[in-house]
Amino acid sequence: MDKLIPKEFDLLHKDRSEEAQRLWRKAVGKLVKNRRRRFRYAADLEKRSEAKDQMRKLGDNIRVCFVAYTAALRFIHGGVHGIKIPAEDGTNSSESLEEDTGVEIQNGLPEEARLAGFNVHPDKIATIVASYDIKTLRKLKGVEGLANRLNVTLDKGVDSNDVDIRKNVYGPNRYTEKPPKSFLTFVWEALQDLTLIILIVCAVVSIGVGVATEGLPKGMYDGVGILLSICLVVMVTAISDYKQSLQFKELDKEKKKVFIQVIREGFRQKISIYDLVVGDVVHLSIGDLVPADGIFISGHNLLIDQSSLTGESVPINIYEERPFLLAGSKVQDGSGKMLVTTVGMRTEWGKLMETLSEGGEDETPLQVKLNGVATVIGKIGLVFALTTFIVLTVRFLVEKKLRHEFTKWSSHDALQLLNYFATAVTIIVVAVPEGLPLAVTLSLAFAMKKLMNDKALVRRLSACETMGSATCICTDKTGTLTTNHMVVSKIWICGRAKEVDNSGGKDTLDSDISENVLNFLLQAIFNNTGSEVVKNKDGKSSIMGTPTETAILEYGMLLGGDFDEQRRQCQLLKVEPFNSEKKTMSVLVDLPDDKVRAFCKGASEIILKMCDNGINADGETVPLSSEQINNIMDVINDFSCEALRTLCLAFKDIDDGSKANKIPSSGYTLIAVVGIKDPVRPGVKEAVKTCFAAGITVRMVTGDNINTAKAIAKECGIFTDFDLAVEGPDFRNKTSEEMSQDIPKLKVMARSSPTDKHILVRTSRSILKEVVAVTGDGTNDAPALHEADIGLAMGISGTEVAKESADVIVLDDNFATIVNVAKWGRSVYINIQKFVQFQLTVNIVALMINFVSACISGSAPLTAVQLLWVNLIMDTLGALALATEPPNDELMKRPPVLRTENFITVNMWRNIIGHSIYQLAVLLVLNFLGKQILGLQGSDATAVLNTFIFNTFVFCQVFNEINSRDIEKINIFSGLFGNWIFLGIIACTVAFQVIIVEFLGTFAGTVPLNWQLWLTSVLLGAVSMPIAVILKCIPVDRKTAMATRQHDGYDPLPSSPDIA
């Protein structure tokens, strides 16, 4: 089958071109029963093209505004400073201009806003930021003046009581979204099926002709039966699709949960970006998304990436002279505070998002491939349907000719031909497996909902599917393999190492260490940090920042230090925030005695190389000899071997006293080495073991010291003495050939940068052809997350930029959750295989029975109504039953699916062909010899036989559905009674079959059966179960079996003697 599928249906799951997406849609052709339903979850390429045009125009506008801004800035700086030109009325011109500007930006402001103390119109303030209007901002006295007009103070922020009125005046921070579809919309879409429309027409004509020839009510039974069947198909389809849409809607809400830190009523707090209002003071740090348009208040080295708006990758420096921040941009480096000026649909990002949200999501590779399968089968079915109609019509005409009635035509003849046509159309309904691609969506939606409950938010559908094929997981250490609850457990200071006592709420240095040393240490801890100690309304202190920073600040407070006091005494002059490339953080501070001092902290080896001196117990600076440096390195290694993360703290006094100096990169004095403990998460070792059993290699990629990394990796079960551990700088300097030889043995990469992680992922994918999943939490991890087959961002420690680049967000930062995603990915794949096996069997039997009967006897045993019911069983109900099977532990005991493997395996073909042969043999024998075998006599013998054939056919599918729960294993009852969806669908199918046969015979063309015939039907269907056992004992492709590359998630079957 895979060879018959055109190459257009073989798509990459990432970085596919728009042309490739257009080609597969074109390859589907006209053979789609319901385009609106089939392509409901396909990307809207026209909307995407529209969004690209809009982004291009936005980029051009921003560039034009920037040129105007630059010119205005030059004009301002080029003017004569200090000269105030008097106006005609005697006031000076700057005051007059300010008044004029103030009046202008208030024009049109509602009375409600004026009474609330607002003095700037929403549209006017939006224009100031969007057009980079620095002149107007200066006239309004900058950000402070604007804050006054928004009735807010920059140190206290918005009053919570004003939030609602601000939303009313300036709008909420929400973007316009398409309203959700109602249930009736799904009913209407289900009715767009072309074959159902044709059948509705046939039914209406049948009613008209039937009533004219046979009168009421007999003449309308056939037509009404078809209409009722169509109603049933439409309702079941619509209910299934509607429930699926609700699942996606719920998941979409989770994807949009983004939080930001603001100051309100003088207290720093975390709120949803959707609760943000104009006037809010927002804290921005590395990796944050800018949630609204705003003006820069203060900050350090704030570097903004506007590529999502302009398409240009060059970051922009934001400072007092260039204060404009636009929603949708990302903080690449530094930190700062901004005043929110424009929110929601008044921002350019809001308008862009409205269009982008309509573009939809890319189809998954499996969805596209199954569209190809549906297209191939549909073409075969169309040929069979046309042939059946032609054979039935030709036989009818020949018989009419033989009876010499060729010139005599009656309404009964027309009704007969109409029934033939309806049967042919219904064969097309059954033959075109419209449900195949939609079953993937159903299975993925079900898996995503379950994963959401298990703390994994799937942002892109294809990720859940691809994760089942993952051969390698490159995972971070901190927070993923470890708990991320860090404490300083050891410290080396003044030549000696000391255990830290965290139990008593207070700790001290050794008694012979002077107060000067403690002052150096506390200054280094409280000034050189990206975190803050904040108090809530109750006066309770908490630390806002990364776990590492938090651990160090907690240690400073344990020593009796006061964060606020230290910050009041010293003034920060310059800050170089920590990032994973440099692995250091540095600050320049102005001390109380007007001296300038630099502080630096970071990776132990890096900081130690920057130090020439140390401090003794009296707080005096002493040179570091090579022997002392070696001793310190031994301390660092000892800490590392105890699985402690090590950091060095250092300082340097700037002798020339210049406050404009750059932060030095050498000549520091070492203060201390701290060892931070971060315990391994419970259950990680078992999860890693599960991965190795499943053929998934786990590699730890961390910025820690190599000894720390190896110690943690051993504790997690990732690393053994036979495995390879390298440092990032060594790895990146290797050639591609050397990398490809090392990667299979590589289990630990220490002191790695995001660039090293990116190189590892790229090489693994391109040269070794691995399917790579990679975790990331920082802004600089975005390239690796994008490059990987599956990018996994951390929900707790991850930045918003990392989450935007990821395919899956691990909400609890737990490695075991990643393994669960892999298990569900495999489950999705095998579930779709089960459904395809089931559906193809029904397809083959339904096509062949009607075609062979038409050719031999001139009549089709299955009527249009009966075929519609069969279609409902094999399509919507079959998908619900088989595509929503939960995963089992056996799935993680087999190797992952290879990219080169056929989707429809040899084992599946064995089962499909075997069951098809059995069902066709039974049904054809019954069709031609049924009356003799069953001893049927009398006028209703034909009607009873046709009903019995229909009943047997349906029960064959019921038992085949149970058989399809397992492609390889003999025990198909494992987990059956815990799967309520499957049991419910089987029960409903059997119950409705009884109703159709016993009570709806007038419309369905059936007659009631006695209990013996019912029992015989059930037994004939049940025989397919022992047949399934026999089929699974037949050896198939030995190469596949020997390679143990089965991807159905189960152990290979033992040979027949073992079974016996």
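User: Starting with Val 152: buried or exposed?
Analyst: Val 152 is buried, with a relative accessible area of 6%. Keep in mind that this is a predicted model.

User: Where does Val 152 lie?
Analyst: In a loop. The loop runs between helix H8 (142-149) and helix H9 (163-170).

User: Which residues is Val 152 in contact with, leaving aside neighbours within four places in sequence?
Analyst: Ala 147, Gly 157, Val 158, Arg 166, Gly 279 and Leu 339.

User: And what separates Val 152 from Arg 965?
Analyst: Their C-alpha atoms are separated by 63 Å. Along the chain, the two are 813 residues apart.

User: New topic. How many residues are in the largest nonpolar core?
Analyst: The count is 163 residues. Those with the most contacts inside this core are Leu 199, Leu 370, Met 467, Ile 790, Phe 815, Ile 832 and Val 836. Helix H31 (residues 815-856) gives the largest share, 19 residues.

User: What is Met 467 in contact with?
Analyst: Beyond its neighbours within four places in sequence, Met 467 is in contact with Ile 473, Ala 773, Ile 790, Leu 792, Ile 818, Val 821 and Ala 822. Apart from the largest core lies another core, of 63 residues. Tyr 69, Phe 118, Val 258 and Leu 302 are among its residues.

User: Let's go to strand S16. Why call it largely enclosed?
Analyst: Strand S16 covers residues 596-603, and 8 of its 8 residues are buried, so the rest of the structure largely encloses it.

User: Which strands does S16 pair with?
Analyst: Strand S15 (residues 584-590) is joined to S16 by 7 bridges, and the two run antiparallel. Strand S19 (residues 644-654) also pairs with S16 in the antiparallel sense, over 8 bridges.

User: Which residues stand opposite each other?
Analyst: Val 589 stands opposite Arg 597 in S16. Gly 602 stands opposite Cys 648 in S19.

User: What about the hairpin of S15 and S16?
Analyst: That hairpin has 5 residues between the strands. Asp 594 takes a positive phi there, near 70°.

User: You mentioned Cys 648. Why is there no bond between its sulfur and that of Cys 611?
Analyst: The sulfur of Cys 611 is 6.8 Å from the one in Cys 648, so the two are too far apart for a bond. Cys 648 holds the closest cysteine sulfur to Cys 611. The disulfide count comes to 0.

User: Are Cys 611 and Cys 1033 buried, or partly exposed?
Analyst: Cys 611 is buried, with a relative accessible area of 4%. Cys 1033 is partly exposed, at 29%.

User: On to Glu 605. Where does it lie?
Analyst: Glu 605 lies in helix H22 (residues 604-610). Glu 605 is buried, with a relative accessible area of 16%.

User: What joins the side chains of Glu 605 and Arg 751?
Analyst: A polar contact of 2.4 Å. Setting aside neighbours within four places in sequence, Glu 605 is in contact with Met 633, Asn 705, Glu 727 and Arg 751.

User: Last one: helix H33. Where is its kink centred?
Analyst: On Phe 928. The kink is about 75°, in a helix covering residues 906-934. Gly 935 follows H33 and has a positive phi, near 65°.

User: What about Asn 927, buried or exposed?
Analyst: Asn 927, in helix H33, is buried, with a relative accessible area of 15%. Its contacts, leaving aside neighbours within four places in sequence, are Ser 853, Ser 857, Pro 861, Leu 945 and Ile 949. The C-alpha atoms of Asn 927 and Thr 942 are separated by 9.6 Å.

Conventions:
Residues numbered from 1 in each chain as written. Predicted model: local features only at pLDDT ≥ 70, side-chain atom pairs only at ≥ 80, totals over all residues. Heavy atoms only, no water. Helix = DSSP H or I, 4+ residues; strand = E, 2+ residues; numbered from the N terminus. Buried < 20%, exposed > 50% of the residue type's maximum accessible area, 1.4 Å probe, protein only. Polar contact = N/O pair within 3.5 Å; in protein donor to acceptor, adjacent residues only side chain to side chain. Contact = heavy atoms within 4.5 Å. Bend = angle between axes of the 7 residues up to and from the residue. Core = buried A, V, L, I, M, F, W, Y, C linked by side-chain atoms within 4.5 Å. Disulfide = S-S within 2.5 Å. Pairing = 2+ DSSP bridges.
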